[in-house]
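Good morning, everyone, and thank you for making the time. I would like to walk you slowly through one structure today, so please have a look at the sequence and the model before I begin.

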Amino acid sequence: NPKLGLPAPKVLTKNTLLREAQECETLRREFLALQEKIKKEEISVPFVFYDGTNVAMPTGEGVTVKKGEAVWLFL
């Protein structure tokens, strides 16, 4: 139906499928590299008590962990 305004379907040739697979693999590798970069970043978690008081980080009262580490490592 020409009134719908949908684009024409793509022709799925071997070359097109190969190109799409290569683009997908490139994007997957970029995503994994970005994920590894983020996991290597360190964050500081201050100790905060239930009454709302916290211990200031410059005094060393807290823990520094990498973003990719499990929670049980610093609990």
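Let me start with a single residue, Lys-67, which is partly exposed, with a relative accessible area of 42%; by that I mean an area between the two cut-offs, since buried is under 20% relative accessible area and exposed is over 50%, calculated with a 1.4 Å probe and with protein chains only. Before going further, I should say that this is a predicted model, in which local features need a pLDDT of at least 70 and side-chain atom pairs count only at pLDDT 80 or more, while totals for chains, interfaces and linings use all residues. Residues are numbered from 1 along each chain as its sequence is written, and side-chain values use heavy atoms, with hydrogens and water left out.

Where does Lys-67 lie? Its place is in the segment after strand 2, which covers 62-66. Helices and strands here are DSSP runs numbered from the N terminus, with H or I and at least four residues for a helix, and E and at least two for a strand. The chain has one helix and two strands, and along the sequence they follow the pattern α-β-β.

Which residues does Lys-67 touch, once its neighbours within four places in sequence are left aside? Lys-67 is in contact with Ile-38, Lys-39, Glu-41 and Ile-43, where contact means heavy atoms within 4.5 Å. Lys-39 is 28 residues away from Lys-67 along the chain, and yet the C-alpha atoms of the two are separated by 4.8 Å.

With Glu-41, the side chain of Lys-67 also forms a salt bridge, at 2.9 Å from N to O; the term stands for a side-chain nitrogen of Lys or Arg within 4 Å of a carboxyl oxygen of Asp or Glu. Because Lys-67 lies in the segment after strand 2 and Glu-41 in the loop between helix 1 and strand 1 (42-46), this pair ties together parts that are 26 residues apart in sequence. Glu-41 is itself partly exposed, with a relative accessible area of 35%. As a general remark, side chains of opposite charge can pair when their charged atoms come close.

How many salt bridges are there in the whole structure? A search finds three, and I turn now to the helix. Glu-25 forms a salt bridge with Arg-28, with the closest N and O atoms 2.7 Å apart, and both residues lie in helix 1 (residues 14-39), three residues apart, which is about one turn of the helix. Glu-25 also meets Arg-29 in a salt bridge, at 3.0 Å from N to O; because Arg-29 and Glu-25 are four residues apart in helix 1, they are separated by about one helical turn. Glu-25 is partly exposed at 30% and Arg-28 is partly exposed at 42%, whereas Arg-29 counts as exposed at 56%.

Let me finish with the chain as a whole. Buried residues make up 3% of its 75 residues, and its accessible surface, calculated by the Shrake-Rupley method with a 1.4 Å probe, comes to about 7,100 Å², of which 61% belongs to carbon and sulfur atoms. Among contacts with a separation of 6 or more, 30% are between residues 24 or more positions apart.
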